[in-house]
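Here are my notes on the model you sent round. I've kept them as numbered points so you can follow along with the structure open.

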Amino acid sequence: MKHTIALALTIIMIIGSLTACAGNKGQVAISSGKGIDIGIVLPTNDEDRWIADEIKFHKIIEEKGLKAEIMYSQSSPEIEKANVEALIKKGIQVLLLCPVDEASAASTVQMAKTAGIQVISYDRLITDTEGVDYYVAFESIKNGEAKGEYICDWAAKFGGKGLNLYLYSGALSDNNSSLFFTGCWNILQPKLADGTFICRNSEVVMKYKNYQELTHDQIYEIMHSIDTEWDPKVAKALAELDLAKASKDEKEYSFIVAPNDDTARAIADAFIADKDVKEYRLCGADGVESSVQYIIDGKQDMTVYCDPEMITKSAMDLAVKLLSGEKVNCTEAIDNGKVEIPVVRCPISTITRDNLVEVLLDSGVYDKSQFRDYEGISDDVKADNYNGR
């Protein structure tokens, strides 16, 4: 985390034309140029994921000479609304908004729409409003499926029935959470139904183990029992409580699915600290810098890499087209509860110790010098040995 923040600050200092200012309630704005055409509002600058996106946005803004401004909502719907109001007053024509809360953001984007602004729902779908024009996101269902497939592959190697499974979800306020969970459920449900897995941290999961397809209410009911709120502190406390309730046999060998890397690291810390846990397999998502060392060290087994360069470029390319009045054709649409929203999807990839060096370090995504003991980690992986951590 410290390395990522340092990198962000360095880039901001290098780009001389960017100005930064801090407002009320932790509001942060970073702008390029005097007039503003594109407004970008991100949830918080307390997480690696959004800092990485900010860095990529700055690069695009500078390279293309765009008139854009980035603001942070500090996980507050009220600050988010104030950010959008401020951007409207500055005359933006396109708004990229990643909502803190998908429902609360509905009235905020409707305000922008009324002002004649074209709205792009960024990364998270804003629901129950006609105020959204486009949705730019990663392959959310495939994200969950990738984690489920990894866990099932390891379960097959380990063999037997009644394997311990611990599931955790993202915030209920984020539509992505339900999509991630749905993807994971698509893969894990048959293995819950046939007894390969027993979910140890949610009776609700076991209640629906024979349901191949879940209703929205059933998904919500399950997620409510395993909700981390996207908060590492909440995730760690939840994992510690789960472990305290479990017998030695119910946690000695475990398979764990975390909603993202930040919560995965916290959950890993909880399992590592429990003396009864002999071995575990843990999945996360996003491929953030702070989790690279955890994967190298074997504290986390895989992540679903969501390349910020892909999604920021896709979003800004779309914004530029909208500014120029160019027609945008999309092959997919998603129902946000009010209307069908055209979707621009960005691909994802699975990262393990086998390909981490090639994909994230040799490629220059992250600076090798920031990590230790990464040489030869692929040679250390014993794919047929569960107890190889």
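1. Let's start with Glu 221, which is partly exposed at 28% relative accessibility. This is a predicted model, by the way, so read everything below in that light. The side chain of Glu 221 meets that of Lys 207 in a salt bridge, 3.0 Å from N to O. That pair ties together distant parts of the chain: Lys 207 belongs to helix α7 (residues 203-207) and Glu 221 to helix α8 (residues 216-225), 14 residues apart.

2. There is also a linked set of charges to look at. Lys 251, Asp 274, Lys 275 and Asp 276 are joined into one network by salt bridges that share partners. Asp 274 lies in the loop between α10 (261-273) and β11. Is Asp 274 buried or exposed? With a relative accessibility of 15%, Asp 274 falls under the 20% cut-off, so it counts as buried. If you set aside neighbours within four places in sequence, Asp 274 is in contact with Leu 243 and Lys 251.

3. Now step back along the chain into α10, the helix before that loop. It has 13 residues and spans 18 Å from first C-alpha to last, close to the 18 Å expected at 1.5 Å a residue. Because 10 of its 13 residues are buried, α10 is largely enclosed by the rest of the structure. Charged residues are on the buried list too, including Asp 261, Asp 262 and Arg 265. Ile 267 and Phe 271 are also among the buried residues of α10.

4. On the other side of the loop you reach β11, so where does it sit in the sheet? The sheet is open and has six strands, in the order β9-β8-β10-β11-β12-β15, with mixed pairing. At the edges are β9 (197-199) and β15 (349-352); each has a single partner strand, so one side of each is left without a neighbour in the sheet. From one strand to the next, the twist averages 25°.

5. Looking closer at one pairing in that sheet, β10 (residues 253-257) and β11 (residues 279-286) run parallel and are joined by five bridges. If you want a register mark to find on screen, Ser 254 stands opposite Tyr 280 in β11. As a reminder, strands of a sheet pair through backbone hydrogen bonds, either parallel or antiparallel.

6. Back to charges: how many salt bridges are there? The count comes to 20. One of them joins Asp 123 to Arg 49, with the closest N and O atoms 3.1 Å apart. Here again distant parts of the chain are linked: Asp 123 is in the loop between β6 (118-122) and β7 (134-138), Arg 49 is in helix α2 (residues 48-64), and the two are 74 residues apart. Asp 123 is buried, at 7% relative accessible area, and Arg 49 is buried at 7% as well.

7. For another example, try Glu 139 and Lys 142, whose closest N and O atoms are 3.6 Å apart in a salt bridge. Lys 142 is partly exposed, with a relative accessible area of 46%.

8. Last, the overall numbers. The protein has 14 helices and 15 strands, and 55% of its 389 residues are buried. Of the contacts between residues at least 6 apart in sequence, 72% join residues at least 24 apart. The accessible surface comes to about 16700 Å², with 49% of that belonging to carbon and sulfur atoms.

Conventions. Residues are numbered from 1 along each chain as its sequence is written. This is a predicted model: local features need pLDDT of at least 70, side-chain atom pairs count only at pLDDT 80 or more; totals for chains, interfaces and linings use all residues. Side-chain values use heavy atoms; hydrogens and water are left out. Two strands pair if DSSP finds at least two bridges between them. Helices (H or I, at least four residues) and strands (E, at least two) are DSSP runs, numbered from the N terminus. Axes are lines fitted to C-alpha atoms, for helices over the stretch in contact, and angles run from 0 to 180 degrees between N-to-C directions. Buried means under 20% relative accessible area, exposed over 50%, partly exposed in between (1.4 Å probe, protein chains only). Contact means heavy atoms within 4.5 Å. The expected span of a helix is 1.5 Å times one less than its number of residues. A salt bridge is a side-chain nitrogen of Lys or Arg within 4 Å of a carboxyl oxygen of Asp or Glu. Accessible areas come from the Shrake-Rupley method with a 1.4 Å probe; for residues, only the protein chains shown count as cover.
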